[in-house]
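Ready for a few warm-up exercises? Keep the structure open beside you and try each task before you read its solution.

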Amino acid sequence: MAVVWEQLEQYQPTVMKMLAKSIEKGRVAHAYLFEGQRGTGKKEVSLLFAKSLFCLNRKGYQPCHECRNCRRIDSGNHPDVHVIEPDGQSIKKGQIEALQEEFSKTGVESNQKLYIVEHADKMTTNAANSLLKFLEEPHPGTTAILLTEQYHRMLSTIISRCQVLSFQPLPPTVLATYLQEQQIPPHLALLAAHVTNNREEALELSRDDWFAQARKIVLQLYEALNKSDLRALFIIQQQWIPHFQEKQQADLGLDLLLYIYKDMMYIQLGELEKVIYRDRMNDLQQWAMACSQKRIIENMSIILQAKARLNTNMNVHLLMEQLILNLKEGRAFV
Amino acid sequence: MKIVIERDALVQSVQDVMKAVSSRTTIPILTGIKIVATQQGVTLTGSDSDISIESFIPAEEEEKIIVDVVQPGSVVLQARFFSEIVKKLPQPTVEIEVQSQFLTFIRSGKAEFSLNGLDPEEYPRLPQIEEENVFKLPTDLLKNMIRQTVFAVSTSETRPILTGVNWRVENGELICTATDSHRLALRKAKIETESEQSYNVVIPGKSLNELSKILDDSNELVDIVITANQVLFKTKHLLFFSRLLDGNYPDTSRLIPTDSKTDVVVNTKEFLQVIDRASLLAREGRNNVVKLTTLQDGMIEISSISPEIGKVTEEIQSESIEGEELKISFSAKYMIDALKALDGTEIKISFTGAMRPFLLRPLHDDSMLQLILPVRTY
């Protein structure tokens with residue numbers, strides 16, 4: 001179903017207001033950079049914005065969602081709207097070159113052209129530099145929208161040529177309340193709300209058995225870590241690896257583990273209302289007592305490091321074993 | 001939509017429009033062929049967004065009914081399957097019927113296919129033709145003009161505008177120019193037109209190559225319409241649309257020298273063969289360079305040296321040499337391309353010094369010329 005302007009305005013009031021004004025005043029920038037966490041509605045906003053620009057009977061700044069152009073943007077069939085997605089791990093130079101070739105020609109139907117680059121941070125350096133040339137000398141009537149979840153990975157030369165719009169993440173508690181209204185048990189709702197920012201995705205995730213199982217394994221792993229024996233390594237071997245097979249899943253698993261340490265931190269700081277694993281409050285309080293604040297911070301940074309390594313194609317099994325050893329600082333084996 | 005159509009006419013039309021359909025496209029709807037049925041006949045459209053081909057099958061031709069339109073309408077069908085299906089149908093008539101949700105039945109004899117169609121509203125809209133701004137050219141002349149210019153377009157994407165051929169319409173004349181900044185090809189022709197409108201557009205070289213393949217070798221007139229975004233070539237039942245290149249074409253008129261210091265007239269065919277032989281060795285070298293030297297009594301020496309391989313020299317008798325003596329080097333490939341493009345048994349080559357571009361044109365014909373930049377050698 002198509003998203004309407006009002007719906008997105010609830011989540012992203014500032015961004016939507018800026019875009020609305022720029023259309024009303026006829027001052028659309030030649031390039032935008034939409035920056036914000038996963039699930040903050042960047043893609044939806046960019047498509048809605050494209051519809052507003054191309055719509056045949058626009059009311060004010062809102063598209064009609066019914067004319068040929070609106071419908072074709074929805075189905076991905078508009079010949080003057082181009083969406084570039086990473087081809088595998090990254091956006092290749094060839095993709096940007098094809099885009100440039102496309103834009104050296106006149107529009108198919110109108111003089112207006114628009115391109116959306118998803119995950120713009122995943123451009124190879126070559127691709128980014130090709131695009132740069134393109135952003136420097138914009139053709140009249142051409143609009144670029146770059147989407148990224150990792151603003152700091154973008155080339156500063158690209159950022160400086162775009163109007164940057166920051167998408168605010170939804171407060172997790174709001175999302176969790178919504179999930180609970182949808183009959184999701186509270187302990188899962190809160191966790192899902194932290195993992196993603198998108199309503200539909202959170203709902204889907206918390207209805208998935210896989211997610212509940214993942215939570216169980218993570219908690220088990222932590223319990224094993226706390227005891228000074230080798231059980232943690234067995235859990236990795238027998239449960240973690242078969243369960244978190246995809247890279248994305250492994251990333252999520254590490255997130256879940258990170259939240260345990262985060263909770264312990266909050267308990268030590270006395271901010272109990274921010275704790276995510278509330279149903280295990282008693283255990284968490286015990287664990288928090290047994291650990292120094294410095295250790296928790298160290299362990300959190302070890303997990304974050306492991307998350308970064310995951311992106312550089314490290315073997316997941318080795319990565320997890322290294323993580324366990326680091327978290328225990330080799331204490332169990334001396 | 002429901003039509004009954006002659007299979008052979010349909011197959012021919014589908015084959016024509018298939019030339020524009022590309023298998024690798026980012027826009028899903030363009031994998032299809034659009035079929036529109038009206039009381040006048042059936043129109044098929046294929047496109048890869050750069051070029052679009054429209055083929056029209058009239059309902060009736062020469063007292064013979066080709067299409068029986070039972071119910072007008074339109075649909076988009078997957079090109080790959082549709083073209084294979086119509087080619088292999090058993091009977092000489094085909095019935096095509098579209099039901100709800102664009103489910104399409106294709107029946108011939110006892111065979112029945114059903115294909116899932118797509119919404120024709122999703123298909124890109126081609127520009128409307130305005131009949132008043134039309135100019136006309138005979139098909140064979142148009143093909144020749146394309147052949148004589150399109151080879152000189154640039155293949156590098158660094159300056160996209162040079163990958164196209166510049167078409168200018170002024171004072172009842174069409175001037176086509178192509179250059180890759182090392183050589184230039186220019187061709188002029190008178191056109192038939194009623195409007196005084198002048199145009200200056202750049203048509204992608206690839207599109208012109210495709211167009212050339214589709215046109216047959218008759219001397220029937222082709223209607224040409226230039227709009228803001230597209231150019232349209234219209235033959236009897238075929239419409240060929242191409243997008244244009246965006247941007248300003250460099251001013252090439254000042255590049256062409258008006259005076260000359262040395263004029264050489266040679267027989268085209270002989271000269272071409274001599275250059276071809278000389279380039280046999282040069283081809284292996286770095287940039288395929290041959291050297292031309294004027295000698296006494298109207299003789300010309302063509303030579304080429306590749307130090308690792310060997311060298312070649314050949315003398316050729318020219319028709320006439322006027323002006324200063326000259327030694328000049330140039331790319332054999334560019335010279336061969338240019339000589340092949342020029343018509344006429346004798347050509348005149350006008351040099352203005354060893355470091356300046358030189359001109360080739362047929363002896364008694366002003367409508368075409370080729371310009372080549374020499375290569376600096378020491």
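**Exercise 1. Where the chains meet**

Task: Work out how many residues of chain A are in contact with chain B, and which elements of chain A they come from.

Solution: Keep in mind that you're looking at a predicted model.
- Step 1: Count both sides. You'll get 16 residues of chain A in contact with 18 residues of chain B.
- Step 2: Look for the elements that give two or more residues to chain A's side. These are α4 (68–75) and α5 (93–103) of chain A.
- Step 3: Pick out the biggest giver. That's α4(A), with three residues.
- Step 4: Sort chain A's side by class. It has two nonpolar, eight polar and six charged residues.

**Exercise 2. Exposed or buried?**

Task: Find A:Arg27 and decide whether it is buried or exposed.

Solution:
- Step 1: Locate it. A:Arg27 sits in the loop between α2 (13–24) and β1 (31–36) of chain A.
- Step 2: Count neighbours. A:Arg27 has 8 C-beta neighbours inside 10 Å.
- Step 3: Compare with the cut-off. A residue is exposed if 12 or fewer other C-beta atoms lie within 10 Å of its own, so A:Arg27 counts as exposed.
- Step 4: Try one distance as well. A:Lys133 is 106 residues away from A:Arg27 along the chain, and their C-alpha atoms are separated by 22 Å.

**Exercise 3. Splitting up chain A**

Task: Divide chain A into domains and say how far apart their C-alpha centres lie.

Solution:
- Step 1: Mark the bounds: domain 1 covers 5–169 and domain 2 covers 208–329.
- Step 2: Go from centre to centre. The C-alpha centres of these two domains of chain A lie 37 Å apart.
- Step 3: Check the record. An unreviewed UniProt entry lists residues 241–328 of chain A as "domain: DNA polymerase III delta subunit C-terminal".
- Step 4: Describe that stretch. Residues 241–328 of chain A are 76% helix and 0% strand, with the end C-alpha atoms 19 Å apart.

**Exercise 4. Following a strand**

Task: Take strand β27 (residues 346–351) of chain B and find which strands are joined to it by bridges.

Solution:
- Step 1: Start with the overall make-up: chain B has six helices and 29 strands.
- Step 2: Go to one partner. Strand β21 (residues 262–267) of chain B runs antiparallel to β27(B), and six bridges join them. Within that pairing, B:Asp263 has B:Ser350 as its bridge partner.
- Step 3: Go to another partner. Four bridges link β27(B) with strand β28 (residues 358–362) of chain B, again antiparallel. Here B:Ile347 stands opposite B:Pro362.
- Step 4: Look at the turn. The hairpin of β27(B) and β28(B) has six residues between the strands, and B:Gly353 takes a positive phi near 95 degrees.
- Step 5: Check the burial. Five of the six residues of β27(B) are buried, so the strand is mostly covered.

**Exercise 5. Hunting for the core**

Task: In the largest nonpolar core, find which residues touch the most other members.

Solution:
- Step 1: Recall the general idea: in soluble globular proteins, nonpolar side chains tend to be buried together.
- Step 2: Search the 99 residues of the core. B:Ile5, B:Ile33, B:Val165 and B:Val290 touch the most other members.
- Step 3: Name the helix that gives the most to this core. It's α5 (residues 268–282) of chain B, with six residues.
- Step 4: Zoom in on B:Ile5. Beyond its neighbours within four places in sequence, its contacts include B:Leu10, B:Val42 and B:Ile57.

Methods
Residues are numbered from 1 along each chain as its sequence is written. Chains are lettered from A and ligands numbered from 1 in the order in which they are written. This is a predicted model: local features need pLDDT of at least 70, side-chain atom pairs count only at pLDDT 80 or more; totals for chains, interfaces and linings use all residues. Two residues are in contact if their C-beta atoms, placed from the backbone, lie within 7 Å. Ala, Val, Leu, Ile, Met, Phe, Trp, Tyr, Cys and Pro count as nonpolar, Asp, Glu, Lys and Arg as charged, and the others, Gly among them, as polar. A nonpolar core is a set of buried Ala, Val, Leu, Ile, Met, Phe, Trp, Tyr and Cys residues joined through C-beta atoms within 7 Å. A residue is buried if 20 or more other C-beta atoms lie within 10 Å of its own, exposed if 12 or fewer, and partly exposed in between; C-beta atoms are placed from the backbone. Domain bounds come from an automatic or database domain assignment. UniProt positions are given in the numbering used here, feature names are shortened, and annotations may be inferred rather than shown by experiment. Two strands pair if DSSP finds at least two bridges between them.
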